[in-house]
Amino acid sequence: MSTPLISARGLTKKFGDFTAVNGIDFDVYKGESFGFLGPNGAGKSTAMRIIGATSQRTSGTISILGKDPEINGPQIRAHLGVVPQQDNLDMQLSVTENLYIYGRYFGLPRKFVKQKVEELLAFAQLEEKRDAKVENLSGGMKRRLTIARALVSEPEILMLDEPTTGLDPQARHILWDRLFRLKEQGVTLLITTHFMDEAEQLCDRLIVMDKGSIMAEGSPATLIKDYSSKEVLELRFGSDRNQAVADQLRSMCERIEELPDRVLMYTEDGEELLERVYAANLHPKTSLVRRSSLEDVFLRLTGRTLIE
Amino acid sequence: MSIINIRQGSLVLVDAAKVQSRGAIYVAQARIRQMMKWIWMILGIAIANPVLYLISVGIGLGGLIDKSVGSAGVDGVKYLTFLAPALLAQAAIQGTMDETVFPTLEGFKWHKTFYSMNSTPLTGTQISYGVFLTALFRAFYTVVLYFIVMWLFGAVNSPRAWLAIPTAIFAGASFGALMQALAGRLEDENIFFVVLGRFVMMPLFMFSGTFFPLTSMPFFLQWIGWISPLWHATELGRHLTYGHEVSPTMVWVHFIFLGIMLVAGLFFSARIFTKRLAK
Amino acid sequence: MAVAIADARAGKRGERVYSGRVLQLLERGYIAFKSSTYMIVISGFLEPVLYLLSFGYGIGKLLPTIAVGGETIKYAAFIAPALLATSAMNGAIYDSTMNVFFKLNHDRIYHGMLATSMGPLDVALGEIGWALIRGFSYACAFMVVIAPLGLVVSAWGLLAIPAAVLIAFGFASCGMAVTSYMKSFQQLEIVNMILLPMFLFSGSFYPITVFPQWLQFVVNLLPLSHAIDLVRGLCLGHINFGLAGHALYFVVMIVVGLFFTTKRLNALFMK
């Protein structure tokens, strides 16, 4: 394999007594789409900020494009496109002006940026809003604008921190489509998310993080294969009965998880298991058979759900 | 998560009729609770402001002016005595303005608290009156503190001078009610603050006969004073604190002007609040 | 695929805090200014004019002349330079406190800027630079009003314009430094609480010699009194070494302010 674009070893970040990132190792290769999956507070954003050369690590080593962010911050940032968790668009400027001036911040020539802005407006499907004030855009449009803005310098690595949090399903799908096109062009994507469907959609490879540490690493498919069964049977018996029937259910499959509102049963064949549940004279209020997801991987690894 | 009790059908906890009659007070209580977080700062400013102005302008500049005008005095009295009632009314106006404009913007725009209030049985009218009552409360203690400082500086020359307290609050209430109505209609506050501060508040402060008799301004600038609640309240205040000459007709004019402003302000702000909440 | 980006100052001293992109930030200021309301622009100019009209005319009737340095001058001529200095201060403080605070904490604009190859000193200088351009225009405009009225007694008065820019620079750098440490909007009120007494006691409306000795001493420590003495000295043609001392006061303010602003922005965004 070629040399990685980003390589971290024992990367640690402490804020006082609190350890946000706890000695993590990872490599990101050119052209891949790499994800950090974990619940809020897992240390994903902190890791992203260190990679973005705007936060200094406490210990460990990290190299980005062969450089150390502690020494070559501005030079590294010149090759990154950053989409922060919270949009930080320039509210005093219009859509076009936001893209234009951001390009200028990179020291790009006016003529180049002006051309680039047109491309970006088309890419972000914001041509009709070109002269609109940023304040008046919808959440999805703002997000697309922030992503377009991050692309103005044609970065080698695009970093997206929770790209679709707070967006409605339609806006999310538009965004995923745009990101997918970038990936096809060979842009290296770095994504943090606490949505397992997003991670499955967008990431070639990901690390599952919890409390600052890496719990597992691999492609979505291998993670699911390694840490979960093929199918999951979700049963609801009503909040007062779930616990009572759990013991009986446990003997019927490899593994079960009791959640406050439902019981998850891990199995290779959900329908068959459901029949056995009925045969045992247990009558759930609702039942659902589905394929295993990264959510189940996370539950297995940490005993907790991604979104709490 | 623990279990909470949501009993169905057995009893009605909320007395809608009670809220109907006392809603504005509930809103005011909530606002005052908010205000209490900053109360020491507000009180500090309320005391520091008159002390600083009275020393700097009243005594510092006043000393030079008293020497310059000699025994005729300014309007027959020392400059400090002349200045103090105007600053008293100004304090009331500033206080009510702060306490109507900012909460209104907060309620409609910044934190949208009015919308959550409105999802309880509270009405738009009650919310507007509640905010106004809070502003009145602030004007009250600001003016009382100011008056005490004035008195300590020896700027009070008449036994009925204390009546300048209610007239000052009256002016504050009138202006505050009007500003509240304006703020209720506001969509873009950035320009508003600049316009309000520099094109309204400052000219009112400078050209309402605050620092010198209105009549010493050129005639074409005197109209600012006539439409300014500050001037009307200052005339009443000067009349009450040191016997500045005001004809009985003019006393009526001052009261009626401020009264109309108050009623119109309250009427419109209630309407504007109700409409905007329902939008 | 990436466009070769001019790492303008790569390898030079201070490349981590400064990338030489102040002009790009001024460009941003200009774009934002183009679409801002002219009311706001005009209003900044209006402030000293209103004071001059009100105090110069109104108080001028009660107090026609005032004695400074053994010379008797018109009251309006006495306050006009002070108003120039004060408005330079006010403009700079507004631009570097309220404005900066919102960009920093509300719109989070600096987060975006610093995610590019720019450094914190670029941001500080760019932001302050814009305040200076504004201060310069206001000072010129005010001069155009007061000079024909005969309120600028000496030709040295022309130097009052660069002096106003120097004053604005000092206040803007310190204002931005202070703002970068503030956590809540209410803390900004503290700035206003300091400004009012400073304005009232720094000798705008009368010579501070009317104060008792100890108060004169305190007032002489305040930046605004140096600003007023500097501009007034130039406008009245009272030229002496004291003026250089006043100017030096602002040079120190500029350096200290920039130092802490850069340091703080570094700590905020690069921690």
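**Exercise 1.** What should the 14 residues of helix α9 (residues 229-242) of chain B span at 1.5 Å a residue, and how far apart are its end C-alpha atoms?

*Solution.* First, some ground rules: this is a predicted model, where local features need pLDDT of at least 70, side-chain atom pairs count only at pLDDT 80 or more, and totals for chains, interfaces and linings use all residues. Residues are numbered from 1 along each chain as its sequence is written, with chains lettered from A and ligands numbered from 1 in the order in which they are written.

Helices are DSSP runs (H or I, at least four residues), numbered from the N terminus. Take 1.5 Å times one less than the number of residues. For α9 of chain B that gives 20 Å, and the end C-alpha atoms are 20 Å apart, so the two agree.

**Exercise 2.** Work out how covered α9(B) is and what follows it.

*Solution.* Call a residue buried if 20 or more other C-beta atoms, placed from the backbone, lie within 10 Å of its own. By that count, 14 of the 14 residues of α9(B) are buried. Just past the helix, B:Gly243 has a positive phi of about 80°.

**Exercise 3.** Which helices of chain C each supply at least two residues to the side that touches chain B?

*Solution.* Start with contacts (C-beta atoms, placed from the backbone, within 7 Å): 26 residues of chain C meet 27 of chain B. The helices are α2 (38-62) and α7 (185-201). Of these, α2(C) gives the largest share of that side, 14 residues.

Note on methods:
Buried ≥ 20, exposed ≤ 12 C-beta atoms within 10 Å, placed from the backbone. Contact = placed C-beta atoms within 7 Å.
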